[in-house]
Amino acid sequence: MSSSEGLLTVVGGRLAFDGHDLAQLTDGRPTPFFVFSERQLRANIAAVVSAFGRRHAATSVYYASKACSNLWFLGEVLRGGIDIEVNAGGELRKALQVGFAPRQIIFNGVAKTRAEIDHAVRLGVHALMVDSLFELERIEQVAAAAGVVARIAPRVDVYVPTKTHPGLETAHGGKAGIDRDDAVPAFRRAAESPYLEPVGLHVHIGSQITSVDPYRQAVEAALSLVDEVEGAAGVKLEFLDVGGGFAVPYREAPVVCHPADYFCSRLAMDDYAEAICGELERRRPDLRLAIEPGRSIAGTTAVLVSRVENEKTRGVRDARGRRVSDDRWITVDAGFNTLLEHFSYAWYYRAVVADRAGEPHDTEFRLAGPLCDGGDVYVGDGGSAYRTLPAATTVGDVVAFLDVGAYALETMHPYNARPRAAAYAVLGDGRLELVRRADDDDDLVAHDVVPAGAPST
Ligand SMILES: Cc1ncc(COP(=O)(O)O)c(C=O)c1O
């Protein structure tokens, strides 16, 4: 997967993204804000469709909408010709709002409510993934009450280790899915019910997976399980869903990536497709393949534009309190309120000083966000505490964070009563348009309720 680097150019010493000078965009636009690229989004969709479609024609691509469910973005995904995966009632409503047909939607989720299930089964979504034996019963009850047959695909933990962030590993004893030992009973139970139609098996193994080996293992294990459940439960499955997880190269890739560095990836979509489709074509060419890419579609489509608002030099002291060196700190106006995962997962996003992009990024800085929270400090380059930026970096400069299209807009929050950021998109014809407005002062208090009779201030 190429990073958003393909759309980044340096013109006159300044950084441009998809043809727009990022520092210049801050004239008249309050920072921080996101800039998305329709061109990159289209290219990412095309890369997935082509890589898998060439190797296994019966492939359905369901974009994992939790990566970015902005309505403009979802509309482009729809126009890009692929289908959608949702994880909650809200994502389901957004998918319908932009025009996805129910048969284009699969419904995942590890805690679906009765109301969510009811909505999905009455709509007739393509399939509901089943996270537990309990949930199987719940779906059956809801489908029976609605008088419909629910198409279901149990999600089974095929117990494959991945070398990704521990919070992103989902099929190795984590919280998602049904234990492998319970898979056959689940399919048997479903096959016996007049209100359930078992149509698939789901085995998503995690996110940001920088090796193809886990996919090979997962597909092998899944195909053995398909044989087993088809034999034991007397069903014929339509599809195997291997989920998403294809990595984005967040770190500039050296010639060889260290296997434990999950920010570094040299894999292309063809590599994943080869690993997944190879075994499938050999053993079960009749089976439809479903994939649920999120990060690999959204990640490289956006940059975040922020401004340096503070700077200082602070002494570094040894155990006896003696000042042994100095750290230069700069504070930008985007923190974990805007890029949650820089904190929650210590996620690494490359940073470039947009108005000094032509200057060598060779001087060590500590890079912090604006929140009144000691944890709001960006992880450094190469596992260090420091970012290398131009020596002259100072207040007023514009810092761009790269590859922030996935899981960022979705997870923004107004901590410190800071407005959630706006987002713009560079459309296919080069125009820049607002696709999400920033919170205003009213938004920041819109959900607060002062009970009647409370003392007035
Ligand atoms: C069930 C499921 N499908 C798809 C995805 C998307 O993964 P990614 O964004 O890494 O492609 C996830 C995220 O972990 C997931 O849990």
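The following legends describe close-up views of a predicted model.

**View 1. The two domains of the chain.** The domain assignment divides the chain into domain 1 (4-36 + 302-439) and domain 2 (38-299). Domain 1 is thus listed with two segments, 4-36 and 302-439. The C-alpha centres of domain 1 and domain 2 are 32 Å apart. Contact between the domains involves 29 residues of domain 1 and 25 residues of domain 2.

**View 2. The largest pocket and its lining.** The volume of the largest pocket is about 690 Å³. Its lining comprises 28 residues, of which Lys66, Gly167, Thr170, His204 and Tyr407 are the closest to the pocket centre. By residue class, the lining holds 13 polar, 9 charged and 6 nonpolar residues. Both domains take part in the lining of the largest pocket: domain 1 (4-36 + 302-439) and domain 2 (38-299) each supply at least three residues.

**View 3. The open sheet of 9 strands.** Strands in this sheet follow the order S10-S9-S8-S7-S6-S5-S13-S12-S11, and their pairing is parallel. Strand S10 (196-198) and strand S11 (200-202) form the edges; each has a single partner strand, so one side of each is left without a neighbour in the sheet. From one strand to the next, the twist averages 30°. Strands of a sheet pair through backbone hydrogen bonds, in either a parallel or an antiparallel manner.

**View 4. Strand S9 beside the edge strand S10.** Strand S9 (residues 150-154) pairs with S10 in the parallel sense, over 3 bridges. One residue pair can be named here: Arg151 has Glu197, in S10, as its bridge partner.

**View 5. Helix H5 on the sheet.** Helix H5 (residues 114-123) packs on the sheet and touches three strands, namely S7 (105-107), S8 (127-130) and S9. The direction of helix H5 makes about 145° with that of S8.

**View 6. The open sheet of 3 strands.** In this sheet the strand order is S1-S2-S3 and the pairing is antiparallel. Strand S1 (8-11) and strand S3 (20-21) are the edge strands, each pairing on one side only. Between S1 and strand S2 (residues 14-17), the antiparallel pairing extends over 4 bridges. Within this pairing, Thr9 has Ala16 of S2 as its bridge partner.

How values were computed: Residues numbered from 1 in each chain as written. Predicted model: local features only at pLDDT ≥ 70, side-chain atom pairs only at ≥ 80, totals over all residues. Heavy atoms only, no water. Pairing = 2+ DSSP bridges. Helix = DSSP H or I, 4+ residues; strand = E, 2+ residues; numbered from the N terminus. Axes fitted to C-alpha atoms, helices over the stretch in contact; angles between N-to-C directions. Contact = heavy atoms within 4.5 Å. 1 Å grid on protein atoms, 1.4 Å probe; cavity = no way out; pocket = protein on both sides within 12 Å on 5 of 7 lines; lining within 4 Å. Points joined across faces, edges and corners; volume = space filled by probe spheres on them. Nonpolar A, V, L, I, M, F, W, Y, C, P; charged D, E, K, R; others polar. Domains from an automatic or database assignment.
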